[in-house]
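Please open the structure in your viewer and keep the selection panel at hand, since each stop on this tour begins with something to select.

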Amino acid sequence: MQAAPNGPTNPEWYEEGLPHIWLPYAQMKTASAPLAAVKTYGTTLELADGRTLTDGVAAWWTACHGYNHPHIRKAVETQLATMPHIMFGGTVHEPALRLASRLSAMLPGDLERVFFTDSGSVSVEVAMKMAIQYRLNKGQTKRTKMLAFKGGYHGDTLATMAVCDPEEGMHHLYGQALAKHIIAPLPQDEASTAEFYRLLKHHAHEITAIITEPLVQGAGGMLFHTPEVLRILRKAADEHDMLLILDEIFTGFGRTGTLFACEQAGIVPDIITLSKALTGGTMALAATVALRHVFEAFLSDNPEHALMHGPTFMANPLACACANASLDLFEQEPRLEQVQRIQAVLAETLEPCRALPGVKDVRTLGAIGVVELEKIANPDALRQRFIAQGVWIRPFRSIVYLTPAFTIMEQDLRKLTATIYRVLSEQT
């Protein structure tokens, strides 16, 4: 790892702790040293050396209400004083049951049985286990595979890596160690649709579920597709007696312009996974929510038909209190209207990037803005150039993207987009 920035200005805890930490998604022999953050507020990161950065990615797309929202903070403080945690095996508590009821009411269709976990990857693993055991409980022992898609990303655990893009994604090194599922192209044109149906027909006898990210494949490169694709998948799942799992960990809670992305297609999945903005980016929490008919397949006099999964911090009361407070804000404040305003500004101010050399595409949807380049030779170096301009933007693969808090002020949003244009202009 390169030397820490600004040497003597870094606090003691930074100098003592950095040699013992293993950072995510970083080649630590060559990566730039991480920034020492000491405070967050609104859409601002404050660093130990006194600098401030305008955050364009909302803590990996989670802090939809901005940092340190007083309503969420108060909910945490209140819950902390009464019950920070209790095991969810054999006991339940008000924050979790209230949250489950509210999620069931706001989700489309009769998605009504909520299983809580503490990370998005695990919520997808639970969805996969539900889909597999759904068949096993019915005596269908051969239908244990998933049909997933090129460009997809569903998590970094061993099970979820197996339904990510096997070639273009970040997990190809693990190929020989992963379970084998069916990976198809998203049916977006005549050729990809034909290939999708060919694979579906050939493998239908061994597939239990189709899994995809609706409207936007996030970590795959912010790849967009139309609502019609989701309607094709829902129809195909019905025709072949398959479950449809929608991974709305990134797209859920307003990011694409509707509360849930699947609403834009007018479809209801059999299982949906939620996380990230669920708690407003304050605490770790995720949920896997199933339709009634999926849950009913687990009801039996046979104890082996129960879903055998139970994370230690499942339904943590503090996290559930955060999530309830976050849902309050969606009810009380104009979040979807704010997303529409963000989309308008992103579309207006990122479009000029299309004319820059090396730019392949510019696209926006809801509170997502993407400038795709032909290539980014050194994403770490590009990130450092953004930091030098006073913004926190984290390029990856071949894209520079924005996923700001829905509460971002227009002048801060325009600062972010202007900086993208300026930095990309300078490098071309």
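Begin with the second largest pocket, which holds about 400 Å³ of space; as you look at it, keep in mind that this is a predicted model. Of the 14 residues that line this pocket, select the ones closest to its centre, which are Arg113, Val114, Phe115, Phe295 and Leu307. Then colour strand E4 and helix H9 (292-296), each of which supplies at least two residues of the lining; E4 gives the most, with 4 residues.

From the pocket, follow E4 into the sheet. Select the 7 strands that form this open sheet, in the order E4-E12-E11-E10-E7-E5-E6, and note that their pairing is mixed. The edges are strand E4 (111-117) and strand E6 (182-184), each of which pairs on one side only. From one strand to the next the twist averages 20°.

Within the sheet, pick out strand E10 (residues 243-247) and strand E11 (residues 271-274), which pair in the parallel sense over 3 bridges. If you select Asp247, you will find that its bridge partner in E11 is Thr273. In general, the strands of a sheet pair through backbone hydrogen bonds, either parallel or antiparallel.

Next, show the helices that lie across these strands. Helix H5 (residues 120-137) lies across E4, strand E5 (145-149), strand E7 (207-212), E10, E11 and strand E12 (286-291), and it runs at about 25° to E12. Helix H7 (residues 190-203), in turn, lies across E5, E6 and E7, and runs at about 160° to E6.

For the last stop, select Arg363, which lies in strand E13 (residues 359-365). Is Arg363 buried or exposed? Its relative accessibility is 12%, and Arg363 therefore counts as buried, because the cut-off for buried is under 20%.

Now display what surrounds this arginine. Leaving aside residues up to four places away in sequence, Arg363 touches Gly221, Met222, Leu223, Phe224, Ile368, Gly369, Val370, Glu372 and Ile399. With Met222 selected, look for its backbone oxygen, which lies 2.8 Å from a polar atom of the Arg363 side chain. The side chain of Arg363 also makes a polar contact with the side chain of Asp361, at 2.9 Å. To finish, draw a distance between the C-alpha atoms of Arg363 and Glu410, which are 47 residues apart along the chain and are separated by 19 Å.

Technical notes:
Residues numbered from 1 in each chain as written. Predicted model: local features only at pLDDT ≥ 70, side-chain atom pairs only at ≥ 80, totals over all residues. Heavy atoms only, no water. Pairing = 2+ DSSP bridges. Axes fitted to C-alpha atoms, helices over the stretch in contact; angles between N-to-C directions. Contact = heavy atoms within 4.5 Å. Buried < 20%, exposed > 50% of the residue type's maximum accessible area, 1.4 Å probe, protein only. Polar contact = N/O pair within 3.5 Å; in protein donor to acceptor, adjacent residues only side chain to side chain. 1 Å grid on protein atoms, 1.4 Å probe; cavity = no way out; pocket = protein on both sides within 12 Å on 5 of 7 lines; lining within 4 Å. Points joined across faces, edges and corners; volume = space filled by probe spheres on them.
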